[in-house]
Amino acid sequence: MLDGLSTAGLSTGCRHGVPWYVAHLGGSLLAALADLDQPLSEGFADALERVAAMHPNCDLSDPGTPSATVAILRHKYGILEHLVLADSPIVFDGPEGYNVISDLRVDDVLPDLRAEVESHQTHTPGHREALQRFVLAQRQLRNTPGGYWVAAAGPDAAQHALTGTTPMKGVRSAAVMSDGVSRLVTEYGMATWSDVFATLRTGGPRKLIETVRKVEATDPTGLRWPRYKSGDDATVAHCQW
């Protein structure tokens, strides 16, 4: 699962753009991780280097260079391996409940600027200007020791991802999703993880995303749930066995 970071209309130093970056990183990750003996973090680092080499004439040192969150789930000999970088979570559904793997370091940076964005309704000039100020400031902390980490141009980010393993026999199913889906639980509080997996089992990812959109439609300008945009990219993969 790759979720490209919004540019808020600001320059990135790259002529290709975020969709190009995400598409090529995804392909490079699939190729790197097809070898089950390749550790997730090493394959991720290799993919980052490979994509950087595809556009050497772009300014990859620009703090706004195209970037993305990453969530990887791989089955290997009865073990589920995971890697998460930034706020696209992996959720395991097991007999003892739900285990959420998410990297929320971004939530700890620039709280004052975040609050300024959330003080404005979406689709207003004040919101747009506050969001640009926030993103500009975030970029200075992106992929730095005192900030937060995402997939961008440098392979070092791979060493800052959350990684681990879970025995497959202890998990009934798993969901890998963008934060545009997980916010139904984490930010809107309009569902539990039990509700999410019940929807996935009966209606699949499409039904879950429809549920998110219906909730957001009740608050189109962010009065009830202050946010960066009315509806963020929503993608989910439901894995059952």
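Which residue in strand 5 is the bridge partner of Val-91? Keep that in mind as we walk through this predicted model.

**Stop 1: the sheet with strands 4, 5, 7 and 8**

Start by selecting residues 90-94, which form strand 4, together with strand 5 at 97-101. These two strands run antiparallel and are joined by five bridges. Here is the answer to the opening question: Val-91 has Val-100 as its bridge partner in strand 5.

Now add strand 7 (173-177) and strand 8 (236-240). You should have an open, antiparallel sheet of four strands in the order 5-4-7-8. Strands 5 and 8 are its edges, each pairing on one side only. From one strand to the next, the twist averages 15°.

Next, bring up helix 6, residues 193-217. Helix 6 packs on this sheet and touches strand 4, strand 5, strand 7 and strand 8, with its direction at about 115° to that of strand 8.

**Stop 2: the sheet with strands 1, 2, 3 and 6**

Another open sheet of four antiparallel strands has the order 1-2-3-6. Strand 1 and strand 6 (162-167) each have a single partner strand, so one side of each has no neighbour in the sheet. Neighbouring strands here are turned by 10° against each other on average, direction ignored.

Select strand 3 (residues 79-85) and its antiparallel partner strand 2, and you can look for the seven bridges that join them. One place to zoom in is Lys-76, which stands opposite Ile-79 of strand 3. Then show residues 40-54: this is helix 2, lying across strand 2 and strand 3 and running at about 45° to strand 3.

**Stop 3: the largest pocket**

Select Asp-87, Asp-179, Arg-183, Tyr-228 and Asp-232, the lining residues nearest the centre of the largest pocket. Its volume is about 1000 Å³, and 42 residues line it. Strand 1 (2-4), helix 1 (18-33), helix 3 (111-118), helix 4 (125-141) and helix 5 (179-186) each give two or more residues to that lining. Colour the lining by class and you will find 20 nonpolar, nine polar and 13 charged residues.

**Stop 4: the second largest pocket**

Finally, which element supplies the largest share of the lining of the second largest pocket? It is strand 2, with five residues; helix 1 also supplies at least two. The pocket holds about 240 Å³ of space. Among the residues to select are Met-1, Leu-2, Gly-26, Leu-29, Val-70, Ile-72 and Arg-74. By class, this lining has nine nonpolar residues, one polar and one charged.

Definitions and conventions. Residues numbered from 1 in each chain as written. Predicted model: local features only at pLDDT ≥ 70, side-chain atom pairs only at ≥ 80, totals over all residues. Heavy atoms only, no water. Pairing = 2+ DSSP bridges. Axes fitted to C-alpha atoms, helices over the stretch in contact; angles between N-to-C directions. Contact = heavy atoms within 4.5 Å. 1 Å grid on protein atoms, 1.4 Å probe; cavity = no way out; pocket = protein on both sides within 12 Å on 5 of 7 lines; lining within 4 Å. Points joined across faces, edges and corners; volume = space filled by probe spheres on them. Nonpolar A, V, L, I, M, F, W, Y, C, P; charged D, E, K, R; others polar.
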